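Trainee: I should like to learn how to read a structure of this kind, feature by feature. Where should one begin?

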Amino acid sequence: MKDLNVLSEQTVALPASPYHARHFIDGAACDSADGATSERISPSHGVLVSTAALGGPRETEAAIGAARRAFDDGRWSRLSGKARAEVLNRVADLIEQNAERLAVIETLESGKPLTQARGECGGAADLWRHAASLARTVQGDSHNALGDDMLAMVLKEPIGVVSIITPWNFPFWILGQKLPFALAAGCTCVVKPSEMTPSTTAMLAGMLTEAGLPAGVCNIVLGHGDPVGALMARHDDVDMVTFTGSTGVGKTITKAAGDTLKKVALELGGKNPQVIFPDADLEQAADAVTFGVYFNVGQCCNSSSRIIVHEDIADDFVARVVALSRQVAFGNPMNPDTQVGAIVTKDHQAKIDAHVKGAVEAGAEVCLGGAALDVPGIGGQFYQPTVLRGVTPDMAIAREEVFGPVLSVQTFKTLDQAITLTNDATYGLSAGIWSDNVHTCLEFARRAQAGTVWTNTWMDGFPDVPFGGVKQSGQGRELGRYGLDEFMELKSVVMRVGKTRTPWVKAP
Ligand code: NAD
């Protein structure tokens, strides 16, 4: 499309040869016993950018066994919080030192812009530092009012061996939302990244060793969801699974984990609305909506894929968003000026297009985009910024996660209607409200069914603030104190003080 801002120029060179990612089991990097590998072709450039060991049951069993032994012998779980924090802080330093290397491979495997990958990979160091600080805060409760002769304590203990399964859209960031918090709690881990983006997780292995993490405490197995992830979810020696990915796979994992009743934490999909009132700063709101829908090409659990805009300002507001959409720089991810990159696979691009075509058939009107996008010189695995109006709540486009740069516009007249539309969803990850009236914002925040409510902003997040979803967007929380608690069990210790116990058996 001529009137879009498409950048084809490439200013950062591709690496001379593909990266080879290996498993990391019991402290050693290794290939698969049968020599199997997978290949990743860059979504944006169509060239081979990495090869990876392709694991199976044998590697998964070995990794789980190593994590089990490492947990049970206490080499990590019985260290002081201070000692664990020192290791996590050293990992954070190493992540910062390696941020550019990580960012380049993440860009090439995922198709996201280099600038964004730099922010994600370098920024993950802060997650590790925050988790390190929490490692020194593990404390329970005491009960000192149970009577003179009784005292009880509630101890927090690491839950044990944790399986960590991550998606392709923010591979290094999502790993950072889970792994350092599990390690801070004293758990040992088996990690499986997405088969499409294995390399940054594999690169972390060397940093863990250099930082002094004992062998076996974190193990990484590369491979497909089935068999590797499936075994990690059902294995007897695993105490907890933490998963980020699609709602469908989240349900499969929950069933697989059910036989052993292990704990399951899930971060799943979303259909996140931003509600815009006429009294809002419309310039800011339009910019935030544009950011919310195109960030990571909409391949983002927090994508604000629908807006619910007051009918009095709908025409003006949609015109603003369409104008901004034309200015966003779509194109070559290896150009630091690019804001929006490629779609992860050809299949996914076709799914996005099918969602849009289905919406048009159902009566939605295309205000912008609605088709694949060619970036001169590097190919066609891109999608145009797309804005759809006339979307009604019964349409699939209003309800299903598209995971692409596609915005659906709905309208409302009253706050009650806006809240009804917001909550008319199977998902409940995040929601946003734009208004200058604090009462409107607070009422919305209280009534919206979502794990996070943003008011007059979108997608601001902090390692200190918990993140997660309600309804079919997930269960459990990541980040902050609550994120640490997910990886801990409570144990109650009840003690009698002095020999005051009345015998149960009566003396003859
Ligand atoms: P996906 O569910 O296809 O895959 C995620 C991971 O699960 C991959 O590592 C995959 O190999 C593995 N997997 C697949 N089948 C499995 C099985 N049977 N058992 C165990 N593991 C299995 O998701 P995706 O396409 O990689 O990511 C996109 C999805 O992730 C979207 O729905 C998005 O909303 C969601 N997501 C959610 C959050 C959040 O924090 N809520 C963040 C990012 C992405």
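Mentor: Begin with the domains, whose bounds come from an automatic or database domain assignment. Please keep in mind throughout that this is a predicted model. Here the assignment gives domain 1 as 13-268 + 473-492 and domain 2 as 273-455.

Trainee: How many Å separate the centres of domain 1 and domain 2?

Mentor: Taken over C-alpha atoms, the centres of domain 1 and domain 2 are 31 Å apart. As for contact, 25 residues of domain 1 meet 25 residues of domain 2.

Trainee: What area do domain 1 and domain 2 bury between them?

Mentor: Buried area is the accessible area that two parts lose on being put together, summed over both. For domain 1 and domain 2 this comes to about 2000 Å², with 60% of it on carbon and sulfur atoms. The elements that give two or more residues to the side of domain 1 touching domain 2 are α3 (99-110) and α4 (114-135). Sorted by class, that side of domain 1 has 11 nonpolar, 10 polar and four charged residues.

Trainee: How many salt bridges and how many polar contacts are found between domain 1 and domain 2?

Mentor: The count of salt bridges between domain 1 and domain 2 is zero. Polar contact, by comparison, is found across the interface for 10 residue pairs, both residues at pLDDT 80 or more.

Trainee: Where, then, should one look for salt bridges?

Mentor: The general idea is that side chains of opposite charge can pair when their charged atoms come close. A search of the whole structure finds 24 salt bridges. One of them joins the side chains of Asp3 and Arg326, at 2.8 Å from N to O. Asp3 lies in the segment before β1 (5-7) and Arg326 in helix α10 (residues 314-327), so this pair ties together parts that are 323 residues apart in sequence.

Trainee: Are Asp3 and Arg326 buried, partly exposed or exposed?

Mentor: Both fall in the partly exposed class, which runs between the 20% and 50% limits. Asp3 has a relative accessible area of 36%, and Arg326 is at 32% relative accessibility.

Trainee: Which strands hold Glu157 and Lys491?

Mentor: These residues form a salt bridge whose closest N and O atoms are 3.0 Å apart. Glu157 is in strand β8 (residues 150-158) and Lys491 in strand β27 (residues 488-496), so that distant parts of the chain, 334 residues apart, are linked. Glu157 is partly exposed at 27%, as is Lys491 at 38%. Salt bridges may also share partners: Arg68, Asp72 and Asp239 are joined in this way into one network.

Trainee: How should one read a single residue, and is Asn423 buried or exposed?

Mentor: One places the residue in its element, then considers accessibility and contacts. Asn423 belongs to helix α13 (residues 415-423). With a relative accessible area of 17%, Asn423 is buried, because buried means under 20%. A polar atom of the Asn423 side chain lies 2.8 Å from the backbone nitrogen of Gln449. Leaving aside residues up to four places away in sequence, Asn423 touches Arg447, Ala448, Gln449 and Lys471.

Trainee: Where does Leu79 lie, and which residues does Leu79 touch?

Mentor: Leu79 is in the loop between α1 (57-72) and α2 (81-97). At 34% relative accessibility, Leu79 counts as partly exposed. Beyond residues up to four places away in sequence, Leu79 touches Gly74 and Arg84. Leu79 and Cys187 are 108 residues apart in sequence, and their C-alpha atoms are 11 Å apart in space.

Conventions
Residues numbered from 1 in each chain as written. Predicted model: local features only at pLDDT ≥ 70, side-chain atom pairs only at ≥ 80, totals over all residues. Heavy atoms only, no water. Contact = heavy atoms within 4.5 Å. Buried area = accessible area lost by both parts, 1.4 Å probe. Salt bridge = Lys/Arg side-chain N within 4 Å of Asp/Glu carboxyl O. Polar contact = N/O pair within 3.5 Å; in protein donor to acceptor, adjacent residues only side chain to side chain. Helix = DSSP H or I, 4+ residues; strand = E, 2+ residues; numbered from the N terminus. Nonpolar A, V, L, I, M, F, W, Y, C, P; charged D, E, K, R; others polar. Buried < 20%, exposed > 50% of the residue type's maximum accessible area, 1.4 Å probe, protein only.
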